[in-house]
Amino acid sequence: MADSRERIRGPSRDGREFLTSPRQVLRRLMLLSEGRQYREAAGVVGRLGPSVLRSVIAELPLDLLLEHLPHSAYLLESFFTRLTTLNTTPKPDVPSETVVWQLVRLFANPHESGLRQRCTRLLQALALYEPALRQTVRERRRCFDNAVQGLGVHGLTTDASGQLISLHVALKTELQRHVDTYKMAIHKLEELSMVTVNQDPAHSSHQRLLAINYGDIQQRLIDNKTLLTMLDKPALKQLQTLVENLSTRVENDKEVLSCVGQVRRLDAQALVERRPAAGLLMNFSRGCEVVLHMMGPEGGPPGPTLSMGKGTAQSGAGGSSCSDGYHSDDSGSDDGSEMVSLYRNLYVENRADALEALDSLPQIKHAHSLKGKILFSMIVLSFRLCHGMRERKVLEVRRTLNCALDSSSETTLALDRSVRQHLHETVDSFPLGEIERSVFNQVLSTLHEYPCLESCPPLTHYVSACVRLAWRMINQKSPYYLDMDFNLGFLRPEKHERHPQADRRSDLIKAFLWPALMQNNQCAFKAVVAT
């Protein structure tokens with residue numbers, strides 16, 4: 001074995017002859033890789049010239065190196081660093097995107113110890129060699145997050161009376177109401193002479209219409225008013241909303257299946273048919289987040305990125321409370337600081353008032369975990385329903401102006417931006433009573449055995465505050481959103497803050513007390529958790 005290792009490591013007789021032949025270099029690299037001597041192989045790559053490097057990369061079995069990640073990260077990094085240093089034109093056809101997605105797969109289900117330390121320099125080299133990769137990963141992560149958020153819109157909907165029912169039941173009831181109304185209208189039309197009698201077109205000429213008398217006009221008004229009363233009912237106008245809801249659900253499910261299909265292509269061993277789709281997509285979204293973080297700052301030289309955990313530690317040393325989960329961002333605007341402060345006040349003040357009101361209700365006075373879950377569900381539902389409302393308003397304008405719902409033309413996108421700008425400018429006056437009732441009704445329908453919740457004014461005020469702030473935050477120019485990863489795993493300092501009364505000896509999350517607030521893939525306010 002020792003002789004074999006010396007044979008692999010030993011240079012050729014003239015010391016540098018193997019560096020002049022691409023075939024010999026490739027054979028040398030493969031022998032070193034088979035012996036897992038990746039540092040020695042990286043040294044070989046670092047001495048290659050442009051022409052030899054191009055030939056070697058063209059013949060390199062990259063899939064074998066990807067199978068051995070993260071151990072082969074050092075060798076792959078040397079290839080991309082050498083390509084960036086030589087700056088060969090045109091660029092060799094290197095499947096750098098395949099390398100990135102293999103790393104995303106590893107970070108989506110991390111099992112190797114020291115995975116970040118081994119792959120940081122590789123990701124930084126990839127970002128320098130192919131800067132567009134950062135945007136590709138960012139877009140894929142956004143797709144995963146949107147798909148997970150879309151899974152939450154398949155709950156109950158409100159009917160004409162405001163009660164929560166299944167969408168299919170609501171559609172059936174609404175369609176039956178339409179059928180009954182249209183049957184009555186058809187019967188009425190059959191009674192009218194202007195429909196049943198084959199009239200001469202000359203009777204509708206302009207001269208004849210000007211010659212009709214008072215009695216004919218009165219009868220015509222009665223007939224038309226009767227038809228209008230039948231057809232123009234407020235109850236009949238809900239069908240369009242239900243159809244839009246159904247369309248949104250179809251598009252969301254198509255997006256989920258598309259994202260799961262992408263995951264299947266990235267990881268053939270993911271067992272996508274057996275695992276919950278949300279957990280699967282959140283894992284890969286987390287992998288994209290880690291990869292983006294490790295690539296370093298965009299447009300800057302590679303180096304260690306700023307850890308949000310360190311910023312938190314410094315703020316804690318300064319005497320600030322660790323229970324609010326606040327994370328400051330020096331690059332944020334004054335408006336952003338105001339939004340984060342409002343979100344913090346919602347947790348510190350409004351939530352505390354609502355919790356105190358729930359404590360005064362005898363039925364749930366001792367159900368401590370239930371009270372926390374009620375308030376947590378209300379803030380999550382507020383953001384989810386406000387996001388759905390905003391997207392519906394954009395689609396309504398498209399539909400009104402006969403724009404294709406799936407159009408991506410510049411004119412249509414400019415229209416969408418104008419609608420969102422209008423919503424941003426009218427956040428303080430936009431009517432949100434429908435969303436407030438929906439949030440309250442969804443929680444009450446789940447907890448129907450606690451009727452005392454209906455007569456709790458502070459809880460109603462809390463819902464109103466949640467909805468109003470959620471609507472304001474998602475309609476910012478850089479929208480805020482909640483981190484929907486509520487898996488009870490281990491505490492992550494970059495986006496989780498331990499509650500002061502939690503067990504500090506354990507890092508296992510037992511419950512989420514308040515969700516994390518995100519903006520531009522950065523944590524603006526950490527989730528408060530119990531351990």
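## Helix packing and residue environments in a predicted model

His461 is found in helix α21, which covers residues 457-474. The structure described here is a predicted model. With a relative accessibility of 56%, His461 counts as exposed, because exposed residues are those over 50%. Its C-alpha atom is separated by 8.3 Å from that of Ala354, although the two residues are 107 residues apart along the chain.

**Overall composition**

The protein contains 21 helices and eight strands. Of its 531 residues, 41% are buried. Among the contacts with a separation of 6 or more, 71% are accounted for by residues 24 or more positions apart.

**Two buried residues**

Leu164 lies in strand β2, residues 164-165. This leucine is buried, its relative accessible area being 16%. Leu164 and Ser445 are 281 residues apart along the chain, and their C-alpha atoms are separated by 7.5 Å.

Arg390 is placed in helix α18, which spans residues 368-400. Arg390 counts as buried because its relative accessibility of 10% falls under 20%. Apart from neighbours within four places in sequence, Arg390 is in contact with Arg420, Leu423, Trp471, Ile474, Asn475 and Pro479.

The three residues considered so far are set out below.

| Residue | Element | Relative accessibility | State |
|---|---|---|---|
| His461 | helix α21 | 56% | exposed |
| Leu164 | strand β2 | 16% | buried |
| Arg390 | helix α18 | 10% | buried |

**Helix α9 against helix α15**

Helix α9 (residues 132-150) packs with helix α15 (residues 277-294) at an angle of about 155°, and their axes are 9 Å apart. The two helices are therefore roughly antiparallel, a class that takes in angles over 145 degrees. The crossing of α9 past α15 is left-handed. From α9, the residues that take part are Arg134, Val137, Arg138, Arg141, Phe144, Asp145, Ala147 and Val148. They meet Ala278, Leu281, Met282, Phe284, Ser285, Cys288, Glu289 and Leu292 of α15. By class, the residues of this contact comprise ten nonpolar, one polar and five charged.

**Helix α6 against helix α8**

How do the axes of helix α6 and helix α8 cross, and within what distance do they come? The axes of α6 (residues 73-86) and α8 (residues 115-129) cross at roughly 25° and come within 9 Å. Because angles under 35 degrees count as roughly parallel, α6 is roughly parallel to α8. This crossing is left-handed. On the α6 side, the contact is made by Ala73, Leu76, Glu77, Phe80, Thr81, Leu83 and Thr84. On the α8 side, Arg118, Cys119, Arg121, Leu122, Ala125, Leu126, Leu128 and Tyr129 take part. The contact of α6 with α8 has ten nonpolar residues, together with two polar and three charged ones.

**Helix α10**

Helix α10 runs over residues 167-191 and has 25 residues. At 1.5 Å a residue, this helix should span 36 Å, and its end C-alpha atoms are 36 Å apart, so the expected and modelled spans agree. Which residues of α10 are buried? They are Leu167, Ala170, Leu171, Glu174, His178, Thr181, Ala185 and Lys188.

Note on methods. Residues are numbered from 1 along each chain as its sequence is written. This is a predicted model: local features need pLDDT of at least 70, side-chain atom pairs count only at pLDDT 80 or more; totals for chains, interfaces and linings use all residues. Side-chain values use heavy atoms; hydrogens and water are left out. Axes are lines fitted to C-alpha atoms, for helices over the stretch in contact, and angles run from 0 to 180 degrees between N-to-C directions. Helices (H or I, at least four residues) and strands (E, at least two) are DSSP runs, numbered from the N terminus. Angles under 35 degrees count as roughly parallel, over 145 as roughly antiparallel, 65 to 115 as roughly perpendicular and the rest as oblique. A crossing is left-handed if the near helix is turned anticlockwise from the far one by less than a right angle, and right-handed if clockwise. Contact means heavy atoms within 4.5 Å. Ala, Val, Leu, Ile, Met, Phe, Trp, Tyr, Cys and Pro count as nonpolar, Asp, Glu, Lys and Arg as charged, and the others, Gly among them, as polar. The expected span of a helix is 1.5 Å times one less than its number of residues. Buried means under 20% relative accessible area, exposed over 50%, partly exposed in between (1.4 Å probe, protein chains only).
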